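Let's go through this structure together and ask, at each step, what a label rests on. Here it is, for a start.

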Amino acid sequence: MQGNDHSVVRAVLAGDKEAYGALVRAHSATVFRVAFRITGNEADAEEIVQEAFLRGYQRLESYERRSAFGTWIYRIAVNCALNRVSRPGIEAEYHHGEDTNPEEKTVQVAARDADPERVLLSREISAAQQTAMQRLTPTEKCAFVLRHLEDRTMSEIAEVLEIAPNAAKQAVFRAVQKLRRELAPLRGNA
């Protein structure tokens with residue numbers, strides 16, 4: 001769709017403001033998915049989608065066609081998500097508050113024949129995973145999400161995070177190491 005995206009961008013820049021809606025429809029699901037994976041919060045992810053597309057619209061004249069529009073808007077969304085999780089107090093308020101319910105942040109489908117003990121264990125594992133992810137730095141979390149959940153290459157991660165490729169590799173490596181340490185008790189190896 002890259003060629004089509006470029007023609008839609010040209011139309012918007014030529015004055016067809018309604019054409020931008022086609023870009024929003026084409027890329028909003030991807031932007032929402034990465035925003036949700038970084039923030040762990042549906043409401044924040046929805047706000048990030050709106051913010052990313054608004055910023056994209058406002059900066060559309062600076063968009064360079066050497067990269068796909070999807071990559072460009074994805075980078076804006078990742079930066080918005082990083083800004084959101086980097087704000088002091090936001091993480092502690094949302095992720096470590098007493099009212100935090102791990103079921104609200106994850107989709108869990110229990111087998112029909114799952115016994116209550118298995119369902120409880122699944123909830124505990126999910127909560128431990130969420131806690132471990134929140135202990136990563138914003139850059140580590142974002143790099144991990146991009147690499148292991150979004151299946152992005154190291155060069156794409158480096159481009160999105162605006163860091164050197166080696167720094168992207170290090171961020172992913174540190175994230176994996178921290179997650180392994182945090183989640184080791186779940187494997188019974190600690």
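## How the labels are earned

Q: Which residues of α2 and α8 meet in this predicted model?
A: On the α2 side they are Val34, Arg37, Ile38 and Thr39, and across from them in α8 are Lys141, Cys142, Val145, Leu146 and Leu149. By kind, the residues of this contact divide into 6 nonpolar, 1 polar and 2 charged.

Q: Why are α2 and α8 called oblique to each other?
A: Two packed helices are described by the angle between their axes and the distance between the axes. Here the axes of α2 (residues 20-39) and α8 (residues 138-149) cross at roughly 130° and come within 9 Å. Angles of 65 to 115 degrees would count as roughly perpendicular and those over 145 as roughly antiparallel. The crossing at roughly 130° fits neither class, and α2 and α8 are therefore oblique.

Q: What is the handedness of the crossing of α2 and α8?
A: The α2 and α8 crossing is right-handed.

Q: What makes Thr39 count as buried or exposed?
A: Its relative accessible area is 2%, and buried means under 20%. Thr39 is therefore buried. This residue lies in helix α2 and is one of those that meet α8.

Q: What lies 3.2 Å from a polar atom of the Thr39 side chain?
A: The backbone nitrogen of Asn41 does. The limit for a polar contact is 3.5 Å, and the 3.2 Å distance falls within it.

Q: What makes the phi of Asp151 worth a look?
A: Most residues other than glycine have a negative phi. Asp151 is not a glycine, yet its phi is positive, at about 60°. You will find Asp151 in the loop between α8 and α9 (154-161).

Q: How do you know whether Asp151 is buried or exposed?
A: Exposed means over 50% relative accessible area. Asp151 has 62%, so Asp151 counts as exposed.

Q: What can be said of Glu162 in the loop between α9 and α10 (165-187)?
A: Glu162 also has a positive phi, of about 55°, although it is not a glycine. With a relative accessible area of 59%, set against the cut-off of over 50%, Glu162 is exposed.

Q: How many helices and strands are there in the protein chain?
A: There are 10 helices and 0 strands. Of the 190 residues in the protein chain, buried residues make up 36%.

Q: What share of the contacts between residues at least 6 apart in sequence join residues at least 24 apart?
A: In the protein chain, that share is 65%.

Terms used:
Residues are numbered from 1 along each chain as its sequence is written. This is a predicted model: local features need pLDDT of at least 70, side-chain atom pairs count only at pLDDT 80 or more; totals for chains, interfaces and linings use all residues. Side-chain values use heavy atoms; hydrogens and water are left out. Axes are lines fitted to C-alpha atoms, for helices over the stretch in contact, and angles run from 0 to 180 degrees between N-to-C directions. Helices (H or I, at least four residues) and strands (E, at least two) are DSSP runs, numbered from the N terminus. Angles under 35 degrees count as roughly parallel, over 145 as roughly antiparallel, 65 to 115 as roughly perpendicular and the rest as oblique. A crossing is left-handed if the near helix is turned anticlockwise from the far one by less than a right angle, and right-handed if clockwise. Contact means heavy atoms within 4.5 Å. Ala, Val, Leu, Ile, Met, Phe, Trp, Tyr, Cys and Pro count as nonpolar, Asp, Glu, Lys and Arg as charged, and the others, Gly among them, as polar. Buried means under 20% relative accessible area, exposed over 50%, partly exposed in between (1.4 Å probe, protein chains only). A polar contact is a pair of N or O atoms within 3.5 Å; within protein, one must be able to donate a hydrogen and the other to accept it, and residues adjacent in sequence count only if both atoms are side-chain atoms.
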